[in-house]
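Reader: I would like to understand how the descriptive terms for this model follow from the computed values. Could we take them one at a time, with the cut-off beside each value?

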Protein chains: 2
Amino acid sequence: MYAPSEAARRSGFSLDTLRYYEKIGLLSVGRTSGGRRVFTDEDLGWLVLFRCLRDTGMPIAQMCRYAELAREGEHTAGERKALLEEHATRVEEQMRLLQHQYDHLREKIRFYEGLGDST
Amino acid sequence: MYAPSEAARRSGFSLDTLRYYEKIGLLSVGRTSGGRRVFTDEDLGWLVLFRCLRDTGMPIAQMCRYAELAREGEHTAGERKALLEEHATRVEEQMRLLQHQYDHLREKIRFYEGLGDST
DNA sequence: GCTTGACCTGGAGTGCGCTCCAGGTTGAAG
DNA sequence: CTTCAACCTGGAGCGCACTCCAGGTCAAGC
């Protein structure tokens, strides 16, 4: 059981972002009698996943879709897996593009090693 | 010498984006007597560079800085090179993070292979 | 000469993902 | 019991990188 600030510290998301994620229905966290949020280890697990998906460029709408499916129960496991696999494929493409452009960049830097060109 | 639509086609940027880049001073292209833009091969070269930098996540403000330095002449070559090297370093970090989160993602998918977990 | 499609400008609007704020509440420490 | 930092809510605002629009201009082909 973690207080909001602790959840923020552990997940790397800001308090505002955690509140935002709850507001849009991505996350649903428990409350104390007084109305304060209480994060469980399971919530933290979700945050780790969201960080993974966010860092790999998944749009929030798709994360919402995934979370919604998970809430619907075990029978959506196939669809959830498919969603992740499609995403993984896009990430692979992203990695290839990034590597390709990185190579370009390094080549450009090598031009400066010998002598600058005009661009 | 290329018309705007041809420059868009070759660079992969939209016409609006090309106009936008000019408006913010990132690019400066010639005109016909009638006021239409004319893109040279050198302009296209810049666009290739901008695509590389954009695809690797450089903010536009930094591209502007680079372009400005280039306009100032040969004596800024060192600073330009440093700018690109710093960027390349950030790209390397980005690639490491992406690879790391991709591995997470693949592991998550493997969970679904055996049987779904709840997240 | 006329048509028509590509082009021009300035400026407003969009989508995303937060981030900030005002004004009020809670609860642990002293 | 008091204090005060951490928390709450709804809603406005922001930064980025475009994208779209209205209303007008240019020039190649018929």
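Author: A polar contact is a pair of N or O atoms within 3.5 Å. Please keep in mind throughout that this is a predicted model.

Reader: With that cut-off, what makes the pair formed by A:R19 and DNA strand D a polar contact?

Author: A polar side-chain atom of A:R19 lies 3.0 Å from a phosphate oxygen of DNA strand D, and the limit is 3.5 Å, so the pair counts as a polar contact. On DNA strand D there is also a phosphate oxygen 2.7 Å from a polar side-chain atom of B:Y21, and a phosphate oxygen 3.3 Å from a polar atom of B:I60, which in this case belongs to the backbone.

Reader: Which elements supply the surface near DNA strand D, and which of them gives the most?

Author: Two or more residues each come from α1 (4-11) and α2 of chain A and from α2 of chain B, and α2(B) gives the most, with 4 residues. In total 20 residues surround DNA strand D, with A:R31, A:R36, A:R37, B:Y21 and B:R54 the closest, and sugar and phosphate make up 67% of the strand's atoms that come within 4 Å of the protein. By class, this surface holds 6 nonpolar, 6 polar and 8 charged residues.

Reader: How do you know which part of DNA strand C each of A:Y21, B:R19 and B:R36 contacts?

Author: The partner atom settles the matter in each case. For A:Y21, a polar side-chain atom lies 2.8 Å from a phosphate oxygen of DNA strand C, and for B:R19, an N or O atom of the side chain is 3.1 Å from a phosphate oxygen of that strand. For B:R36, the partner of the polar side-chain atom is a base nitrogen, at 3.0 Å. The elements that give two or more residues to the surface near DNA strand C are α2 (15-23) of chain A, and α1 (4-11) and α2 (15-23) of chain B, with α2(A) giving the most, 4 residues. Of the atoms of DNA strand C within 4 Å of the protein, 66% belong to sugar or phosphate, and the rest belong to bases. Among the 20 residues around DNA strand C, those that come nearest are A:Y21, A:R36, A:R54, B:R36 and B:R37.

Reader: Turning to the helices, why is α3(A) called oblique to α5(B)?

Author: The axes of α3 (residues 41-55) of chain A and α5 (residues 77-114) of chain B cross at roughly 125 degrees and come within 9 Å. Perpendicular covers 65 to 115 degrees and antiparallel begins over 145, so the angle falls between these ranges and α3(A) is oblique to α5(B). The crossing of the two helices is left-handed. On the side of α3(A), the contact is made by A:L49, A:R51, A:C52, A:L53 and A:D55, and on the side of α5(B) by B:L97, B:L98, B:Q101, B:H104, B:L105 and B:K108. By class, these are 6 nonpolar, 2 polar and 3 charged residues.

Reader: Why, then, are α4(B) and α5(B) described as roughly antiparallel?

Author: Their axes are 9 Å apart and the packing angle is about 155 degrees; the term applies to angles over 145, and α4(B) and α5(B) are therefore roughly antiparallel to each other. The crossing here is left-handed. From α4(B) the contact takes B:Q62, B:R65, B:Y66, B:L69 and B:A70, and from α5(B) it takes B:E79, B:R80, B:L83, B:L84 and B:R90. These residues divide into 5 nonpolar, 1 polar and 4 charged.

Reader: What makes up the contact of α3(B) with α4(B), by class?

Author: The contact of α3(B) with α4(B) has 8 nonpolar, no polar and 1 charged residues. In α3(B), the residues B:W46, B:L49, B:F50, B:L53 and B:R54 meet B:M63, B:Y66, B:A67 and B:A70 in α4(B). The axes of the two helices come within 11 Å and cross at roughly 145 degrees, and the crossing is right-handed.

Definitions and conventions
Residues are numbered from 1 along each chain as its sequence is written. Chains are lettered from A and ligands numbered from 1 in the order in which they are written. This is a predicted model: local features need pLDDT of at least 70, side-chain atom pairs count only at pLDDT 80 or more; totals for chains, interfaces and linings use all residues. Side-chain values use heavy atoms; hydrogens and water are left out. A residue is near a molecule or strand if one of its heavy atoms lies within 4 Å of it. A polar contact is a pair of N or O atoms within 3.5 Å; within protein, one must be able to donate a hydrogen and the other to accept it, and residues adjacent in sequence count only if both atoms are side-chain atoms. Axes are lines fitted to C-alpha atoms, for helices over the stretch in contact, and angles run from 0 to 180 degrees between N-to-C directions. Angles under 35 degrees count as roughly parallel, over 145 as roughly antiparallel, 65 to 115 as roughly perpendicular and the rest as oblique. A crossing is left-handed if the near helix is turned anticlockwise from the far one by less than a right angle, and right-handed if clockwise. Contact means heavy atoms within 4.5 Å. Ala, Val, Leu, Ile, Met, Phe, Trp, Tyr, Cys and Pro count as nonpolar, Asp, Glu, Lys and Arg as charged, and the others, Gly among them, as polar.
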